[in-house]
Amino acid sequence: MAGRAAVVVGAGMAGLAAAGALSRAGWQVTLLERAERIAARPTALVLWPNGRRALESLDPAGGWSSIAAALPDGGVRRPDGQWLVTPRGREGCGPAPAAVRLADLYDVLIAGLGDYVQVRTGFAVTAVRTGRGLRPAVGDGRTMIEADLIVAADGIDSRVRRELAPESAAVGSGFAAWQALVPAYRLPTAHAAGGETLGAGYRFVSIPLGDGGVSWVATAAGAPRPEPPATQLALLRRWFAGWHEPIGELLAATHPDDLVPQEVRELRPLPRTYGFGSGPGGVVLLGDAAHAMPHHLGQGACLAFEDAATLGALVAGARPGEELATAIDTYSRLRRPRTTSVVRQTRRMSAVVQARGRLALRARDAALNHMRPRMTAPTPDWSPPD
């Protein structure tokens, strides 16, 4: 369908997925990135069943599957190695979760952009224009770019969201986090199982990557650390000293320049809507720009892919005007309740991770068996709209 133009703001995972989906539906897409180049962090992520279904919808050729490694359930343990939740099989739970290196996933998403996507790097959006009768537009102070549809995929600090939904603010979740990738050649033994370990205000998750390498994530209650990476790594080794293997082994094999520190933040409250009409179309919020949350359930990327798959399906045949306006409204109506539910589950998990003190830890341990199915596969029955 000729003549339909979209602008996607942000070239992270969410923006790349959305731009590819729109391009495959015949939209002319301009993809804006504030950095000078598109680059992935040296980390990995878990694709839960809902994320896998979303990617299968976005990429029917299955290019992403060649870079993914099936992830067995590693269970949950105490720091001394005692099981809190024993590993269990995946039968009847849909497709198994998969682990992927972020750089490999970026390569697949970039390859899927197609011929209808123009990429502009070094473009930092500073202005957003919407209004009745106005074609929506974004600008960097020098150039305004108009489109029928603007997709804000510019992360938790989204400039577009701040303009259209100022009630929603990025706030700290009370945690700091660290991630790293450890290549196989640094590890004296193979690690195929992975899993997570919960202490009093601390959490450690290991994710085998299929090639012998391991990605790990450590979380601690408190503010981000200001020290240089070498000092932060030394602190992590001290905090997790005495925890069961392979935690000590993984930290010992990690180099300071492998470390990716992160402040764990979230949006409070979520925007009241994810769609804003303007002229022949409007603006939609997608990914962390719409529903950033703590990463305790690992659902951030999966929900972003759901967003992109849903948006792509809804606007595939929509013409600017009433059809596109209806599609934008439907996108918000479908996505906001869905993401609100997962955010609620994530916040419950935050309370579990924050548990300290003997009584609180006992209550946490008793609750884990009931929470575990939702921790491993929250709302696994999601599927893209027809």
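I began with strand 15, where I found that glycine 195 has serine 206 as its bridge partner. The helices and strands I name are DSSP runs (H or I of at least four residues for helices, E of at least two for strands), numbered from the N terminus. The model is predicted, and local features in it need pLDDT of at least 70, side-chain atom pairs count only at pLDDT 80 or more, while totals for chains, interfaces and linings use all residues. Residues are numbered from 1 along each chain as its sequence is written, and side-chain values use heavy atoms, with hydrogens and water left out.

**Seven-stranded sheet**

I noted that strand 14 (residues 195-198) and strand 15 pair in the antiparallel sense over four bridges, two strands being paired if DSSP finds at least two bridges between them. Both belong to an open sheet of seven strands with the order 6-5-14-15-16-13-17 and mixed pairing. Its edge strands are strand 6 (83-85) and strand 17, each of which pairs on one side only.

I then looked up arginine 203, which is found in strand 15 (residues 202-208). Its relative accessibility is 6%, so arginine 203 counts as buried; buried means under 20% relative accessible area, exposed over 50%, and partly exposed in between, with a 1.4 Å probe and protein chains only. The side chains of arginine 203 and glutamate 196 are joined by a polar contact of 2.7 Å, a term for a pair of N or O atoms within 3.5 Å in which, within protein, one must be able to donate a hydrogen and the other to accept it, and residues adjacent in sequence count only if both atoms are side-chain atoms.

**Helix 5 and two cis bonds**

In helix 5 (residues 229-239) I listed Gln232, Leu233, Leu235 and Leu236 as buried. These residues cover an arc of only 155° around the axis, which puts them on the same side of helix 5; the arc is that of the directions from the helix axis to the C-beta atoms. What covers the buried residues of helix 5 includes strand 13 (169-182), strand 16 (214-221), helix 6 (247-253) and strand 17 (260-268).

In the loop between helix 5 and helix 6 I found proline 246, and the peptide bond leading to proline 246 from glutamate 245 is cis, with omega near 15°. Proline 269 has its place in the loop between strand 17 and strand 18, and the bond from arginine 268 to proline 269 is likewise cis, with omega near -15°.

**Six-stranded sheet**

I turned next to an open sheet of six strands, whose order is 8-2-1-12-19-18 with mixed pairing. Strand 8 (117-121) and strand 18 stand at the edges with a single partner strand each, so one side of each is left without a neighbour in the sheet. From one strand to the next the twist averages 15°.

At one end, strand 2 (residues 28-33) and strand 8 run parallel and are joined by five bridges, with leucine 32 opposite arginine 120 in strand 8. Helix 1 (residues 13-24) packs on the sheet and touches strand 1 (5-9), strand 2, strand 8 and strand 12, and its direction makes about 170° with that of strand 2. Contact here means heavy atoms within 4.5 Å, and axes are lines fitted to C-alpha atoms, for helices over the stretch in contact, with angles from 0 to 180 degrees between N-to-C directions.

Strand 19 (residues 281-285) has five of its five residues buried, so it is largely enclosed by the rest of the structure. Strand 12 (residues 149-152) runs parallel to strand 19 over four bridges, and alanine 152 stands opposite leucine 285. Strand 18 (residues 275-278) is antiparallel to strand 19, also over four bridges, and serine 278 has glycine 281 as its bridge partner. I recorded strands 18 and 19 as a hairpin with two residues between them, where glycine 279 in the turn has a positive phi of about 55°.

**Cores**

The largest nonpolar core has 75 residues, and those with the most contacts inside it are Met13, Leu22, Trp27, Leu105, Val151, Leu286 and Phe305. Such a core is a set of buried Ala, Val, Leu, Ile, Met, Phe, Trp, Tyr and Cys residues joined through side-chain atoms within 4.5 Å. Leaving out residues up to four places away in sequence, I found leucine 105 touching Met13, Leu45, Leu55, Trp64, Ile67, Val100 and Phe305. Apart from the largest core lies another, of 19 residues, among them Ala176, Ala180, Val182 and Leu236.
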